[in-house]
Amino acid sequence: MDFSMGAGAAAYNEKSDLETCKVFSAEMAKRSKMLNLNSVPQSSREKKRENGPEATSPAINLMGFNIEEMCEAQAWIQRILSLHHNHIIENNHILYLGKKEHDILSQLQKTSRVTITEMTSPESTKLEIAGAQADLIEVVMNIEDMLCKVQEEMARKKEQSLWNFLGQWTNQQQKTQDKMKENILFLKSPVPLTQEFLDQKKQFEKCGLQVLKVEKIDNKVLMAAFQLKKKMMEGKPHRQPVSHRLFQQVPHQFCKVVCRVGFQRTYSVPCDPKYGVGIYFTKNLKSLAEKAKKTSTADKLICVFEAEVLTGSFCQGHQLNIGPPPLSPGAVDGHDSVVDSVSSPETFVIFSSMQAIPQYLWTCTKGYVQSQDYSSGPMRSFAQYPWKGLTSGSPVD
């Protein structure tokens with residue numbers, strides 16, 4: 001079984017994003033101290049306008065081909081520059097902060113006029129940062145940079161788990177050990193809109209989600225692990241279908257890492273774990289869309305993965321489940337997943353990321369999108385989009 005990607009494949013390496021984040025955060029930290037315009041006299045502001053904004057006012061010019069990432073970048077910059085006295089960072093990677101990271105948080109509180117409070121609930125984990133505006137901007141960017149590093153560290157551990165799983169069940173242990181030092185690569189390619197996809201696009205739009213584009217995900221390492229898991233489950237006597245086509249909403253910032261290491265509870269949109277502490281999927285696109293429109297009010301993009309999920313034998317879920325319950329009291333073998341209703345399940349919860357494989361990524365918006373054929377790539381014509389003009393300038397993406 002060969003897990004390597006073909007030569008010349010347009011694969012994605014997430015390290016480049018981390019380096020870009022470091023450079024951008026450092027630059028933004030310098031610029032943030034220049035943006036406290038409240039201390040500038042009104043006469044000085046008027047003089048600046050007369051002489052032209054380019055001569056005296058700091059400015060940020062976004063350039064690139066990927067309009068979704070441009071949109072997210074603009075929204076993030078606007079949030080950063082509009083901070084007043086407090087800001088909340090919601091990110092499950094906060095749970096993985098170690099002593100080193102907590103020491104950094106303590107040092108930030110000592111050297112800046114801010115207070116940092118951690119808030120944890122069954123649904124999500126947050127940091128609330130409060131303080132003076134100039135200090136607040138710099139501290140928030142430092143924390144987000146730190147969370148990017150923690151995210152990369154956790155992704156590397158997930159990659160090693162995948163390689164270990166494959167090496168354990170194949171005859172390529174030595175090759176697997178060598179590959180563990182590399183990042184897992186994946187391909188994202190536009191999907192030609194066949195009648196099947198056009199019909200599915202209509203289903204998204206009936207639920208109030210306007211489709212920008214749909215991409216096929218190809219990750220040979222994830223697929224190899226998934227197929228091994230599927231083969232193991234198919235050997236068991238199940239009455240239910242082994243797999244289902246299900247959906248999961250993921251924040252845009254985690255989409256690439258899902259394509260790289262698969263579905264994780266850390267990457268999914270926060271939800272009430274009332275059926276167990278696992279990875280949640282749904283087959284009800286309408287309920288997903290309704291929840292997305294309510295809980296993602298600040299997000300312009302709604303990203304939905306379509307996945308094949310190995311549900312196998314399932315039973316009624318419970319909030320105390322940290323793994324699938326046994327098939328019967330005292331049994332050694334357990335179920336493969338839990339559901340919201342055994343008779344008519346819509347929500348499925350798995351407890352192993354290897355039981356799901358991302359197949360397609362649907363990028364949507366709650367706003368109106370001008371209808372057009374985008375079978376050859378992302379939509380380029382937008383209507384009523386506040387970020388429509390962001391594509392001007394020299395491409396750097």
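**Exercise 1. Cysteines**

Task: In this predicted model, decide why Cys-364 is not bonded to Cys-303, and state how many disulfides the whole structure has.

Solution.
Step 1. Take the sulfur of Cys-364 and find the closest cysteine sulfur, which belongs to Cys-303, at 7.8 Å.
Step 2. Apply the cut-off: a disulfide needs the two sulfur atoms within 2.5 Å. The sulfurs of Cys-364 and Cys-303 are therefore too far apart for a bond.
Step 3. Extend the search to the whole structure, which gives 0 disulfides.
Step 4. Add the surroundings. Cys-364 has 0% relative accessibility and so counts as buried. Cys-148, with a relative accessible area of 28%, is partly exposed.

**Exercise 2. Helix H5**

Task: Compare the span of helix H5 with the expected one, then work out which residues of H5 are buried and which are exposed on the other side.

Solution.
Step 1. H5 runs over residues 99-111, 13 residues in total. From the first C-alpha to the last it reaches 18 Å, close to the 18 Å expected at 1.5 Å a residue.
Step 2. Its buried residues are Glu-101, Leu-105 and Leu-108. These residues cover an arc of only 60° around the axis, which puts them on the same side of H5.
Step 3. Recall the geometry: an α-helix has 3.6 residues a turn, so residues three or four places apart point the same way.
Step 4. The other side of H5 carries the exposed residues Lys-99, Lys-100, Lys-110 and Thr-111.

**Exercise 3. Helix H11**

Task: Find the buried residues of helix H11 and explain why they line one face.

Solution.
Step 1. Within H11, residues 285-295, the buried positions are Leu-285, Leu-288, Ala-289 and Ala-292.
Step 2. Viewed down the axis of H11, these buried residues fall within an arc of 95°, so they line one face of the helix.
Step 3. The face of H11 turned away from the buried side holds Lys-286, Lys-294 and Thr-295, which are exposed.

**Exercise 4. A sheet with S1, S2 and S3**

Task: Establish the strand order of the open sheet and identify its edge strands.

Solution.
Step 1. Start with strand S1 (residues 86-90), which pairs with S3 in the antiparallel sense over 5 bridges. In this pairing Ile-88 stands opposite Glu-128 of S3, and His-87 has Ile-129 of S3 as its bridge partner.
Step 2. Turn to strand S2 (residues 114-120), which runs antiparallel to S3 and is joined to S3 by 7 bridges. Thr-120 stands opposite Thr-125 in S3. A hairpin of 4 residues joins S2 to S3.
Step 3. Put the pairings together: the open sheet of 3 strands has the order S1-S3-S2, with antiparallel pairing. S1 and S2 are the edge strands, since each pairs on one side only. From one strand to the next the twist averages 20°.
Step 4. Look at the two faces of S3 (residues 125-131). Thr-125, Leu-127, Ile-129 and Gly-131 make up the covered face, while Lys-126, Glu-128 and Ala-130 make up the uncovered one.

**Exercise 5. Aromatic pairs**

Task: Classify the ring pairs Phe-254 with Tyr-267 and Phe-263 with Phe-281, and place them in the chain.

Solution.
Step 1. The structure holds 8 aromatic pairs. In one of them, Phe-254 and Tyr-267, the ring centres are 5.7 Å apart and the planes lie at 35°, so the pair is tilted.
Step 2. Phe-254 is in the loop between strand S6 (243-249) and helix H10 (255-261), and Tyr-267 is in the loop between H10 and strand S7 (279-282). The two are 13 residues apart, and the pair links distant parts of the chain. Both Phe-254 and Tyr-267 are buried.
Step 3. For Phe-263 and Phe-281 the centres are 5.0 Å apart and the planes are at 80°, so this pair is edge-to-face. Planes over 60 degrees apart fall in that class.
Step 4. Phe-263 lies in the loop between H10 and S7, and Phe-281 in strand S7, so the pair ties together parts 18 residues apart in sequence. Phe-263 is buried at 0% relative accessible area, and Phe-281 is buried at 2%.
Step 5. An aromatic cluster is formed by Phe-197, Phe-204, Phe-247, Tyr-360 and Trp-362.

**Exercise 6. Leu-320**

Task: Locate Leu-320 and decide whether Leu-320 is buried or exposed.

Solution.
Step 1. Leu-320 sits in the loop between strand S9 (314-316) and strand S10 (337-339).
Step 2. Its relative accessibility is 67%, so Leu-320 counts as exposed.
Step 3. The C-alpha atoms of Leu-320 and Pro-273 are separated by 9.0 Å, although the two residues are 47 residues apart along the chain.

Key: Residues numbered from 1 in each chain as written. Predicted model: local features only at pLDDT ≥ 70, side-chain atom pairs only at ≥ 80, totals over all residues. Heavy atoms only, no water. Buried < 20%, exposed > 50% of the residue type's maximum accessible area, 1.4 Å probe, protein only. Expected span 1.5 Å × (residues − 1). Arc of directions from axis to C-beta. Phe/Tyr/Trp six-rings, centres within 6.5 Å; stacked < 30°, edge-to-face > 60°. Pairing = 2+ DSSP bridges. Axes fitted to C-alpha atoms, helices over the stretch in contact; angles between N-to-C directions.
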